[in-house]
Amino acid sequence: DPGGYFIINGSERVLIAQEDLASNNILVDKAAEGSSATHIAKVISTAKGRRSQLIIERRKDGIFYANIRGYRIPAIILMAALGLASEFEIMNAISLDPEIQNHILPSILHAQTIFPKIEIPPDIKPEERAKIEEEIRKRTIEAALEYIGARVAIGRPKEERIRRAYRLLDEYLLPHLGTDSSEE
């Protein structure tokens with residue numbers, strides 16, 4: 001009888017085929033026809049009995065979104081929450097190829113709507129410029145965490161939203177790379 005049926009010591013046994021995506025590997029594919037996305041990248045991250053899926057999709061409008069535990073977050077905002085707080089850092093972290101960087105521009109322009117707008121005067125001293133740039137960096141990271149927290153902890157106080165955003169990133173974003181922000 002086909003189908004994986006066996007008799008072992010008088011007992012009937014059945015083999016059930018299971019298919020699972022490769023853990024801790026990035027799988028990239030074109031999206032199905034009629035989908036709102038054009039390309040999809042998935043990572044099923046598995047570590048220490050914990051399993052989490054990260055999906056990055058490029059929508060038809062050119063904006064990249066990350067889906068973590070059902071929360072859809074613009075990918076650039078996710079990168080800012082992880083510490084890449086300037087467009088320059090984000091672009092260079094993704095690719096140094098100008099053609100690929102052009103594909104990222106719609107996402108960066110979309111993300112700029114939530115980041116703080118602070119102009120640095122051109123005639124400022126270098127040490128003061130560094131202080132202002134560091135303040136912009138802190139505010140950008142906080143704004144990104146608050147954006148994520150507003151989706152995770154709706155209606156909660158700001159401190160709790162930021163704490164829950166940190167928890168989402170620490171525990172569910174690629175846990176095979178570590179689940180504690182102090183791990184190197």
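The following questions and answers concern strands, turns, surface residues and salt bridges in a predicted model.

In this predicted model, local features need pLDDT of at least 70 and side-chain atom pairs count only at pLDDT 80 or more, while totals for chains, interfaces and linings use all residues. Residues are numbered from 1 along each chain as its sequence is written, and side-chain values use heavy atoms, with hydrogens and water left out.

Reader: How many bridges join strand 3 to strand 4?

Author: Strands here are DSSP runs of E with at least two residues, and helices are runs of H or I with at least four residues, numbered from the N terminus. Two strands pair if DSSP finds at least two bridges between them. Strand 3 covers residues 26–30 and strand 4 covers residues 37–47, and the two run antiparallel. The number of bridges joining them is five.

Reader: Which residue of strand 4 is the bridge partner of D29?

Author: Strand 3 and strand 4 form a hairpin with six residues between them. In the turn, G34 has a positive phi of about 85 degrees. Within strand 4, the bridge partner of D29 is I40.

Reader: Which residue takes a positive phi in the hairpin of strand 4 and strand 5?

Author: Strand 4 and strand 5 (residues 50–59) pair in the antiparallel sense over 10 bridges. One of the pairings sets K42 against its bridge partner I55 in strand 5. Two residues lie between the strands of this hairpin, and a positive phi near 50 degrees is taken by K48.

Reader: Is R59 buried or exposed?

Author: The place of R59 is in strand 5. Residues are classed by relative accessible area: buried is under 20%, exposed is over 50%, and partly exposed is in between (1.4 Å probe, protein chains only). Because its relative accessible area is 17%, R59 is buried.

Reader: Which residues does R59 touch, not counting residues up to four places away in sequence?

Author: Contact means heavy atoms within 4.5 Å. With residues up to four places away in sequence left out, R59 touches S36, A37, T38, Y65 and R72.

Reader: What is the N to O distance in the salt bridge of E57 and R59?

Author: Side chains of opposite charge can pair when their charged atoms come close. A salt bridge is a side-chain nitrogen of Lys or Arg within 4 Å of a carboxyl oxygen of Asp or Glu. E57 is buried, with a relative accessible area of 16%, and R59 is buried at 17%. The side chains of E57 and R59 meet with an N to O distance of 2.7 Å.

Reader: Which residue forms a salt bridge with R137?

Author: The closest N and O atoms of R137 and its partner E89 are 3.1 Å apart. This pair links distant parts of the chain, with R137 in helix 4 (residues 126–152) and E89 in helix 2 (residues 87–94), 48 residues apart. R137 counts as partly exposed at 27% relative accessibility, as does E89 at 25%. The salt-bridge partner of R137 is E89.

Reader: How many salt bridges does the count come to?

Author: One salt bridge brings together the side chains of E160 and R156 (3.7 Å, N to O), and R156 is partly exposed at 44% relative accessible area. In addition, E142, E146, K158 and R161 are linked in a network of salt bridges. The count of salt bridges comes to 10.

Reader: What is the relative accessible area of N9?

Author: N9 is found in the loop between strand 1 (5–8) and strand 2 (11–14). Its phi is near 50 degrees, a positive value in a residue other than glycine. N9 counts as exposed because its relative accessible area is 79%.

Reader: Which residue stands opposite A66 in strand 7?

Author: Strand 6 and strand 7 pair in the antiparallel sense over four bridges. They form a hairpin with two residues between them, and R69 in the turn has a positive phi of about 50 degrees. R69 counts as exposed at 51% relative accessibility. Opposite A66 in strand 7 stands I73.

Reader: Which residues form a nonpolar patch on the surface with about 320 Å² of accessible area together?

Author: Patches are made of residues with over 30% relative accessible area and no salt bridge, where like charges are joined within 9 Å and nonpolar side chains (Val, Leu, Ile, Met, Phe, Trp, Tyr) within 5 Å. Accessible areas come from the Shrake-Rupley method with a 1.4 Å probe, and for residues only the protein chains shown count as cover. One of the members, Y5, has its place in strand 1 and is partly exposed at 42% relative accessible area. The residues of this patch are Y5, V14 and I16.
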